[in-house]
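Good morning, colleagues. Please keep the structure open on your screens while I go through it, strand pairing to begin with and model confidence towards the end.

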Amino acid sequence: MQHPAVPDLSHTHTRPIHWVATATALAGVVALSSVLQPDAATAAQTGGHTTAAGPRSGPAHLAPPDPAAVSFPLECGPVKAVVQKQASGDLDGDGRPETVAVVHCDAPMGTPPDGVYVVTRNADDGKPRVVATLVDPKDRRTATALAVRDGAVHATLLGYSSADVPSCCPDVTDDVKWRWKDGAFVSDTPSQARTV
């Protein structure tokens with residue numbers, strides 16, 4: 001009988017205890033990776049617009065305003081307003097980021113309509129405040145997507161072709177873009193409405 005070149009090692013055969021040890025080690029790595037996260041990335045926004053060089057009015061705030069610190073112009077009755085989505089970027093070219101927030105009442109049933117608001121910081125005390133309403137909840141719209149790109153707000157809005165369409169079942173989709181122009185947010189002509 002010829003012996004193999006490598007002896008038969010008992011630890012090379014897997015047993016249930018090996019699988020338990022491997023699963024425990026893997027769970028530890030996953031748990032540790034959820035605790036040790038990298039810092040948030042920061043980058044300057046590029047493209048879309050340029051600003052004139054020179055002194056800026058007020059202090060520069062690098063962090064965008066927090067929409068959770070704002071009272072939104074919503075009538076929610078006994079429930080409170082909830083920020084559903086948010087996106088930030090410099091919308092007016094002053095070098096300070098604004099935050100766009102999709103907000104609705106925290107209703108226990110149904111799909112409450114969204115409001116889309118622009119939040120900025122006061123120049124004197126830095127407190128966040130609402131400066132514009134892009135979508136009024138009275139319009140019965142729901143925002144399914146929100147982004148700030150190249151100094152513009154982009155949103156996908158669900159809506160209704162008539163007042164007879166039930167609130168549960170929006171039948172119109174619009175892709176809308178707003179840009180700061182001459183002291184106000186101006187909506188580009190939305191794409192042709194699509195049936196959902």
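Strand β1, residues 81–89, pairs with β2 in the antiparallel sense, and the pairing runs over eight bridges. Within this pairing, G89 stands opposite E98 in β2. I should say at once that we are looking at a predicted model.

On its other pairing, β2 joins β3, again in the antiparallel sense, over five bridges. Here T99 has V119 of β3 as its bridge partner.

Let me stay with β2, which covers residues 98–105. How many of its eight residues are buried? The count is eight of eight. In a regular strand, side chains alternate between the two faces of the sheet. For β2, one side carries E98, V100, V102 and H104, the other carries T99, A101, V103 and C105, and all of these are buried. Both faces of the strand are therefore covered, given that buried means under 20% relative accessible area.

I turn to the overall architecture. The protein has one helix and nine strands. From the N terminus, the helix comes ahead of the strands, in the order α-β-β-β-β-β-β-β-β-β. Of the 196 residues, 30% count as buried. The accessible surface comes to about 13200 Å², and carbon and sulfur atoms account for 57% of that area. As for contacts between residues at least 6 apart in sequence, 43% of them join residues at least 24 apart.

Next, the interior. Which residues have the most contacts inside the largest nonpolar core? They are V100, L134 and W178, in a core of 18 residues. At least two residues of this core come from each of β2, β3, β4, β5, β6 and β7, the last of these spanning 172–181. A second core, separate from that one, has nine residues, among them V70, A101, Y117 and V119.

L134 shows how these strands meet. Beyond its neighbours within four places in sequence, L134 is in contact with V100, V116, V118, V153, W178 and F185.

V153, one of those partners, lies in strand β6. Is V153 buried or exposed? Its relative accessibility is 0%, so V153 counts as buried. Setting aside residues up to four places away in sequence, V153 touches L91, V100, L134, L146, A147, V176, K177 and W178. The pair V153 and V100 is separated by 53 residues in sequence, yet their C-alpha atoms are 7.7 Å apart in space.

A charged side chain also deserves a remark. D174 is located in strand β7. At 12% relative accessibility, D174 falls under the 20% limit and therefore counts as buried. Its side chain makes a polar contact with the side chain of R141, at 2.8 Å.

I move on to the loops. N122 sits in the loop that links β3, residues 115–121, to β4, residues 128–135. The N122 side chain makes a polar contact with that of D125, at 3.2 Å. Further along the chain, leaving aside neighbours within four places in sequence, N122 is in contact with K127 and R129.

Two other loop residues concern backbone geometry. Most residues other than glycine have a negative phi. R140, in the loop between β4 and β5, has a positive phi, near 55°. With a relative accessible area of 26%, R140 lies between the 20% and 50% limits and is therefore partly exposed. D150 is placed in the loop between β5, residues 142–149, and β6, residues 152–159. Its phi is also positive, near 50°. D150 has 41% relative accessibility, so it counts as partly exposed.

Finally, confidence. The protein averages a pLDDT of 78, and 66% of the residues score at least 70. Where does pLDDT stay under 50? One such stretch is residues 38–61, for which the model has 26 contacts beyond four places in sequence. Over residues 191–196 the pLDDT is also below 50, and that stretch has 16 contacts beyond near neighbours in sequence.

To close, I would bring you back to V100. This residue of β2 is buried, and V100 is among the residues with the most contacts inside the largest nonpolar core. Thank you; I am glad to take questions.

Terms used:
Residues numbered from 1 in each chain as written. Predicted model: local features only at pLDDT ≥ 70, side-chain atom pairs only at ≥ 80, totals over all residues. Heavy atoms only, no water. Helix = DSSP H or I, 4+ residues; strand = E, 2+ residues; numbered from the N terminus. Polar contact = N/O pair within 3.5 Å; in protein donor to acceptor, adjacent residues only side chain to side chain. Contact = heavy atoms within 4.5 Å. Buried < 20%, exposed > 50% of the residue type's maximum accessible area, 1.4 Å probe, protein only. Pairing = 2+ DSSP bridges. pLDDT = per-residue confidence, 0-100. Areas by Shrake-Rupley, 256 points an atom, 1.4 Å probe, with all protein chains shown as cover. Core = buried A, V, L, I, M, F, W, Y, C linked by side-chain atoms within 4.5 Å.
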